[in-house]
Amino acid sequence: MADLRSTIAGIRSPNPFWLASAPPTDKAYNVVRAFKAGWGGVVWKTLGEDPPVVNVSSRYGAHLDTDRRMIGFNNIELISDRPLAVNLQEIIEVKRDWPDRAMVVSLMATMTETAWAGLARRIAETGAADGLELNLGCPHGMCERGMGSAIGQVPEMVEQVTRWVKNAVNLPVIVKLTPNITNILWSAEAAKRGGADAVSLINTVNSIVAVDLDAMAPTPVVDGKGSHGGYCGPAVKPIALNMVAEIARNPDTSGLPVSGIGGITTWRDAAEFLALGATNVQVCTAAMTYGFKIVEDMIGGLSNWMDEKGYRTIDELSGRAVRNVVNWNDLNMNFSTKALIDPALCIDCGRCHIVCEDTSHQAIRIDQGDGRRVFTVVNEECVGCNLCSHVCPVPDCITMVPEQTDLPYVTWPNDARNPMRVPEAAAE
Amino acid sequence: MTLIAPLATQDSAGDLSASPYADLTPAMTPVQALAESNRCLFCYDAPCIKACPTGIDIPAFIRSIATGNLKGAATTILSENIMGGTCGRVCPTETLCEQSCVRNRAEDRPVAIGRLQRHATDRLIDGEPAHPFARAAATGKRVAVVGAGPAGLSCAHRLATLGHEVTVFEAKAKSGGLNEYGLAPYKMADDFAQREVAFILGVGGITVEHGRKLGADLSLESLRANFDAVFLGVGLGSNNRLGIPGEERAGVEDATAFIERVRQALPGQPPAVGSKVVVIGGGNTAIDAAIQAKRLGAEDVTLVYRRGRAQMGATAWEQELAQTEGVVLKTFAAPKEIGDTTIAFERTRLSDGKLSGTGETFTLQADMVLKAVGQKLSAEALDGLQVTGGKIAIDESYRTTLAKVWAGGDCVATGEDLTVQSVQDGKLAALAIHSHLTA
């Protein structure tokens with residue numbers, strides 16, 4: 001059976017599934033329930049200096065599919081609104097009772113060394129924290145007070161805060177990055193320069209999740225008004241995967257451990273983050289959608305899949321896909337793949353045909369078969385775009401089959417069809 | 001024969017589920033409709049549309065339910081089938097749209113199209129103040145429609161929306177035809193048929209004259225003389241007979257007449273039924289009568305059909321429903337003689353499509369016998385019209401052999417004798433009449 005034990009920045013946990021700093025980790029009651037359910041660790045909801053913040057009523061918004069499945073989720077909740085001493089005492093008690101679980105504490109302060117170092121020391125003095133996570137990402141509320149993404153969006157400030165905290169305490173420091181920037185590498189490199197032991201990403205995406213068309217206000221509606229909030233959940237996973245991969249394949253940050261965050265709902269999502277270079281993962285929305293029990297299948301599913309694939313440890317899996325993430329200019333222009341429809345699995349819905357016909361390459365023909373339609377790919381027209389295979393409701397009914405070819409691997413810079421190509425002779 | 005008092009007390013006790021008038025398949029809740037509508041795959045050129053005699057754009061209306069556009073859903077349905085509310089309740093969807101649903105192939109469970117259709121239309125028919133259809137500018141043309149059943153009302157509605165003035169002549173006291181008089185209440189609960197009629201007439205331009213029967217105070221000749229066009233949606237007016245001794249005894253009744261009595265009974269006063277009821281026939285009407293007799297308190301209900309289950313007009317689903325409701329199905333037996341409290345049958349066999357008696361007989365106790373062996377056209381008042389194979393002869397545009405006269409519904413041979421087919425006939429005939437009047 002695969003060994004799921006995880007170590008990131010020296011912080012150990014029995015499995016790579018942590019709960020992210022968020023409402024589920026706001027107090028001992030929730031965290032103890034999470035540990036009982038099997039979560040490997042938590043990042044305690046962000047602590048700030050006293051007096052604690054005051055939250056508004058009406059805090060979460062949702063992006064739902066028509067069947068009410070959660071596509072995305074957002075919040076306008078601030079950091080922990082409980083006194084610092086209460087949080088620290090609970091952290092001590094929980095860590096005492098659950099010593100094998102990772103206890104990372106998130107913190108946030110204004111842009112002064114006194115504030116950051118003071119808060120970090122208070123947490124370190126508990127002796128209960130396995131590490132710190134610097135919240136430089138919240139895109140709502142706290143940023144209006146010069147914290148959260150207001151710091152995280154400025155690489156120099158990211159570096160500075162990281163250095164202050166590293167100098168103040170002798171604990172592993174994870175810097176949590178905001179995706180609300182133009183290039184994640186600038187923040188990641190800054191964190192590394194500041195001495196970060198790891199980065200975690202992504203924090204929430206700035207968003208208006210929905211508009212209440214009766215109130216004519218963004219949701220969540222607070223007395224007729226709404227504000228932009230932090231977006232998370234399944235819809236942000238692709239954004240997070242890309243940013244994790246960018247850090248993993250960037251030479252300047254490639255050794256920096258990454259805690260992957262963003263819409264992780266299943267063991268498969270987790271495996272994808274790990275494959276792109278994450279060392280562990282953090283989860284929030286899935287727990288807030290289904291409760292803590294979902295970790296059971298995350299653990300079991302990942303373990304079974306790793307056994308099936310022969311990965312014995314998380315380290316063996318971590319980063320396995322990174323070398324295959326390349327720039328577009330490094331893709332093989334001579335590769336060709338064609339859709340193949342299995343008539344035995346086809347249920348005759350016709351969606352492959354209509355999406356190809358209306359929006360793509362008119363490459364799926366309909367013939368009248370025996371009491372039903374038969375859909376056939378016209379290989380001459382098929383460009384291998386994959387659209388039909390994505391919209392088909394039956395798994396494996398439409399597969400993409402690479403064409404056998406003797407053509408060499410040719411990238412666009414070397415492709416004869418590229419008008420900007422530098423001729424090889426001239427390049428020599 | 002002695003009839004027993006029905007279980008009226010269950011009605012007054014307020015236990016609707018136990019009432020003989022209860023809806024067998026209740027309306028969906030919004031949550032059910034949301035879940036079910038999301039199962040629809042929004043197929044391209046969907047097989048369900050082709051399987052619907054009225055060609056409703058089923059994926060479109062189901063998507064509208066899923067997006068919360070219930071009015072749009074209802075409008076999509078009603079623009080092709082103005083009796084979408086009734087059809088959502090009574091259509092044999094298991095042999096039409098739902099049979100062709102692609103969800104059957106991978107999951108063996110179709111989208112519940114009929115129930116979703118009812119969900120969408122109920123709200124519009126009951127709740128929306130504004131009629132979804134507006135009438136075109138008046139054409140000044142007047143059309144007579146004979147029969148206020150599904151075919152007649154569908155035709156009248158379409159003609160009215162196209163700007164014509166329509167007078168509907170109806171022999172009975174209420175409009176709706178078989179929706180009002182011929183469908184068992186477990187399918188058509190409460191006063192839905194009348195609410196649907198009110199909705200259809202709500203478009204305007206339609207006058208219904210009740211107590212006007214062709215052949216009585218109304219003649220085809222006068223209608224042709226006084227109107228620009230005539231549509232006949234007269235249905236099948238008379239029942240086939242068994243032609244056996246004892247058929248005239250008390251307690252022997254046409255199933256259609258029985259259902260009509262059940263439907264027209266005053267609230268809380270359902271008609272009495274026998275203790276041992278025998279229903280003869282294998283179609284929907286036989287099933288309706290058998291189930292309804294059982295629900296009204298009959299101790300034993302036996303449905304006897306002279307051929308096998310596979311040859312029954314009733315669908316497999318309806319047959320199973322009858323069995324679930326406690327009806328015993330007996331096949332391959334033909335009635336021979338009705339006694340005072342008995343009915344005798346001869347066993348039959350089917351070989352090479354030919355039915356013959358075996359000579360072997362058996363007798364069932366019966367204090368009520370309901371006959372459901374088919375209906376036929378009452379041709380008396382149809383002088384001058386060609387009748388072929390027991391149906392009014394029409395061409396592909398529903399035109400009869402008489403000038404200015406069109407016909408549709410059960411009185412013509414366009415498809416199965418179903419409400420949905422009648423609505424389609426009425427609609428297409430209206431379009432043909434419109435082309436003729438505006439040519």
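## A parallel pair in chain A

Five bridges link two strands of chain A that run parallel: β4 (residues 41-47) and β7 (residues 102-107). One spot where you can see this pairing is Val43(A), whose bridge partner in β7(A) is Val104(A). Keep in mind that this is a predicted model.

## The barrel around it

Zoom out and those strands turn up in a closed barrel of eight, with parallel pairing. Going round chain A, the order is β3-β4-β7-β8-β9-β10-β15-β16. From one strand to the next, the twist averages 25°.

Helix α7 of chain A, residues 237-249, packs on this sheet. The strands of chain A that α7 touches are β10 (198-201), β15 (258-261) and β16 (278-283), and its direction makes about 165° with that of β15(A).

## The open sheet in chain B

Over in chain B there's an open sheet of five strands, again with parallel pairing, in the order β7-β15-β9-β10-β11. Its edges are β7 (252-254) and β11 (327-331) of chain B, each pairing on one side only. Ignoring direction, neighbouring strands here are turned by 20° against each other on average.

At the β11(B) edge, strand β10 (residues 300-305) of chain B pairs with β11(B) in the parallel sense over five bridges. Thr302(B) sits opposite Val328(B) in β11(B).

## Helices on the chain B sheet

Helix α14 (residues 255-264) of chain B packs on the sheet and touches β7, β9 (276-280) and β15 (368-371) of chain B. The direction of α14 makes about 80° with that of β7(B).

Helix α15 (residues 284-295) of chain B packs there too, touching β9, β10, β11 and β15 of chain B. Its direction makes about 170° with that of β10(B).

Conventions
Residues are numbered from 1 along each chain as its sequence is written. Chains are lettered from A and ligands numbered from 1 in the order in which they are written. This is a predicted model: local features need pLDDT of at least 70, side-chain atom pairs count only at pLDDT 80 or more; totals for chains, interfaces and linings use all residues. Two strands pair if DSSP finds at least two bridges between them. Helices (H or I, at least four residues) and strands (E, at least two) are DSSP runs, numbered from the N terminus. Axes are lines fitted to C-alpha atoms, for helices over the stretch in contact, and angles run from 0 to 180 degrees between N-to-C directions. Two residues are in contact if their C-beta atoms, placed from the backbone, lie within 7 Å.
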